[in-house]
Structure formats: structure tokens, C-alpha cells
Amino acid sequence: MKIWIYRAILLAAILVAWQLLAGRVISLFFISSPSLIAAKFWSILVDGTLATNMAVTTGEAVLGFVLGGGAGAAIGLVLGRSRQLAEILDPFIVAFYSLPKVALAPMFILWFGIGLQMRVMFTAIIVLFLVFLSTYTGVRNVSRELVTVFRLMGANERHLMRMVIIPSAFTWIFAGLRLSVPYALIGAIVAEILAGNTGLGYLVEHAAAEFDTAGVFAALAGVMILALALNLAVRLLERWFMPWRTVEEQREFAI
């Protein structure tokens with residue numbers, strides 16, 4: 001409870017300082033003010049603009065997150081269990097991962113057009129590599145002794161994957177998924193800015209084009225709210241798949 005009180009105090013202090021500085025020390029054109037941003041946020045909330053565009057961005061981010069996360073986890077599990085295949089593909093993976101994903105956006109527009117499919121695929125490719133690297137690392141760090149024990153008990157590769165590899169890698173997989181949430185939003189919003197007429201990214205771009213600083217911050221507030229909601233969803237999913245983590249956390253706080 002104290003943590004939430006401290007957070008509220010910190011947030012209030014930031015907003016008060018911002019309000020006092022805006023228009024007095026720094027021009028409203030550059031940073032607007034919390035009161036103007038709140039008024040703009042309320043305006044787009046009441047007329048349905050925020051909900052409509054947030055729904056679009058949510059759909060793109062969630063679809064890309066699910067596709068990219070699922071593919072990344074699957075590839076990570078396969079390559080994590082096949083050292084030879086991983087060594088063959090390693091330079092190609094590193095080379096592609098090193099590419100700035102924003103630089104690929106024009107190619108995705110060329111391949112998939114400017115509709116929903118392009119934004120989802122662009123988001124998915126960003127998420128894929130983050131989840132893949134986390135999953136691959138988790139699989140490679142599975143206890144060799146535990147794998148050996150299960151093999152001595154007659155377990156085949158399918159049994160190992162189901163009873164040892166996947167449960168042991170869950171922590172790493174969800175770490176990659178949590179890390180991917182903001183990147184999924186980044187992918188969706190960048191795609192909307194480059195090729196879209198709906199979504200929170202479009203709201204940001206449209207407000208910036210009209211030099212509406214309050215509108216830009218109001219749209220960004222919507223992005224932050226959505227990011228917090230998606231993070232919470234991933235954490236709840238993690239607790240559902242790994243209930244023992246909740247017990248461990250409670251013990252840590254108790255100590």
C-alpha cells in the first residue's frame with residue numbers, strides 16, 4: 001500500500017511541477033500543460049475518438065504479439081534443442097536481428113499493402129525475435145542433470161519437451177513476452193504513422209501535423225494506458241501458467 005502512496009505522490013509532484021513550468025518557463029507550444037492535455041484527453045474520450053482508435057491499435061498489437069510470440073517461442077524451442085541447426089542458422093539470425101526493423105517498414109508496405117495485415121505482420125516480426133532469443137536462452141539453460149534423469153527413465157524427446165523443457169523455459173518465455181509488450185505497441189504505432197488512417201499512431205501523427213501539442217500528449221497518454229493494460233494481461237497470464245511464481249514472490253516480500 002505504501003508503494004502506491006509513494007507513486008501517487010511522485011506523479012502528483014511531476015504534474016504540479018509541469019503545470020507550473022508550462023507557459024512560464026517553457027512555452028506551451030513545446031510541452032503544453034497537464035490541464036490542457038487533460039481537457040484534450042477528455043474531449044477525445046467523450047466523442048469516441050480515443051476508444052475507436054485505441055481499439056484498432058489494441059487489435060493490431062495483440063494479433064502481432066500473439067503471432068510473433070507464438071512463432072518466436074516455437075522457433076526458440078526447436079533451435080534450443082538442436083545445437084547443430086542453431087549453429088547453421090546463427091549468422092542469418094544475427095544479421096536479420098541487427099537490422100533496424102523500422103527500415104523494413106517500406107518492404108512490408110510493398111508486400112502487404114497499407115491495411116491491417118501489414119501492421120500486424122510488422123508488429124509480429126518485431127516481437128518474434130525478442131521472444132525467440134529469450135526462449136532459446138531458456139531452453140539452453142535447462143538443467144542437463146534433469147534431462148539425463150528423465151532419459152534414464154525412458155523419456156523420449158516429446159516427453160522431455162512436455163515435462164521438462166517447456167516448464168523449465170516458462171520463466172524465460174514470459175520474460176521475453178513481458179519485454180515484447182512495449183515493442184508490440186511500437187510496431188503497431190510506427191506502422192500506423194507510416195501507413196494508416198486509424199489508430200493511436202495516426203492520432204499522434206495527425207495532432208503533430210496540426211502542431212497540436214496537447215493532442216499529441218493526449219494520444220500518448222492513451223498509448224501508456226494501453227501499454228499498462230497489456231502488461232497487466234501478460235502478468236495475469238504468467239500467474240495462470242506459473243502459479244508457483246506467485247508463492248515465491250509472496251515469500252520474498254515476507255522476508
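**Packing of α4 against α10 in an all-helical chain**

Helices α4 and α10 are oblique to each other, because their packing angle is about 125° and an angle that is neither under 35 degrees, nor over 145, nor within 65 to 115 counts as oblique. The model in which this pair occurs is predicted. Helix α4 covers residues 49–81, helix α10 covers residues 200–209, and their axes lie 7 Å apart.

The residues that form this contact can be named on both sides. Helix α4 contributes Thr49, Leu50, Asn53, Met54 and Thr57, while helix α10 contributes Leu200, Gly201, Tyr202 and Leu203. Sorted by class, the contact of α4 with α10 comprises 5 nonpolar and 4 polar residues, with no charged residues.

The setting of this pair is the chain as a whole. Its secondary structure consists of 12 helices and 0 strands, so that from the N terminus on every element in the order α-α-α-α-α-α-α-α-α-α-α-α is a helix. Along the principal axes, the C-alpha atoms of the chain fill a box of roughly 75 × 55 × 30 Å.

Contacts and accessibility complete the description. Of the contacts in the chain between residues at least 6 apart in sequence, 73% join residues at least 24 apart. The chain has 255 residues, and 36% of these are buried. The area that the chain exposes is about 15100 Å², and carbon and sulfur atoms supply 72% of that area.

Technical notes:
Residues numbered from 1 in each chain as written. Predicted model: local features only at pLDDT ≥ 70, side-chain atom pairs only at ≥ 80, totals over all residues. Heavy atoms only, no water. Axes fitted to C-alpha atoms, helices over the stretch in contact; angles between N-to-C directions. Helix = DSSP H or I, 4+ residues; strand = E, 2+ residues; numbered from the N terminus. Contact = heavy atoms within 4.5 Å. Nonpolar A, V, L, I, M, F, W, Y, C, P; charged D, E, K, R; others polar. Buried < 20%, exposed > 50% of the residue type's maximum accessible area, 1.4 Å probe, protein only. Areas by Shrake-Rupley, 256 points an atom, 1.4 Å probe, with all protein chains shown as cover.
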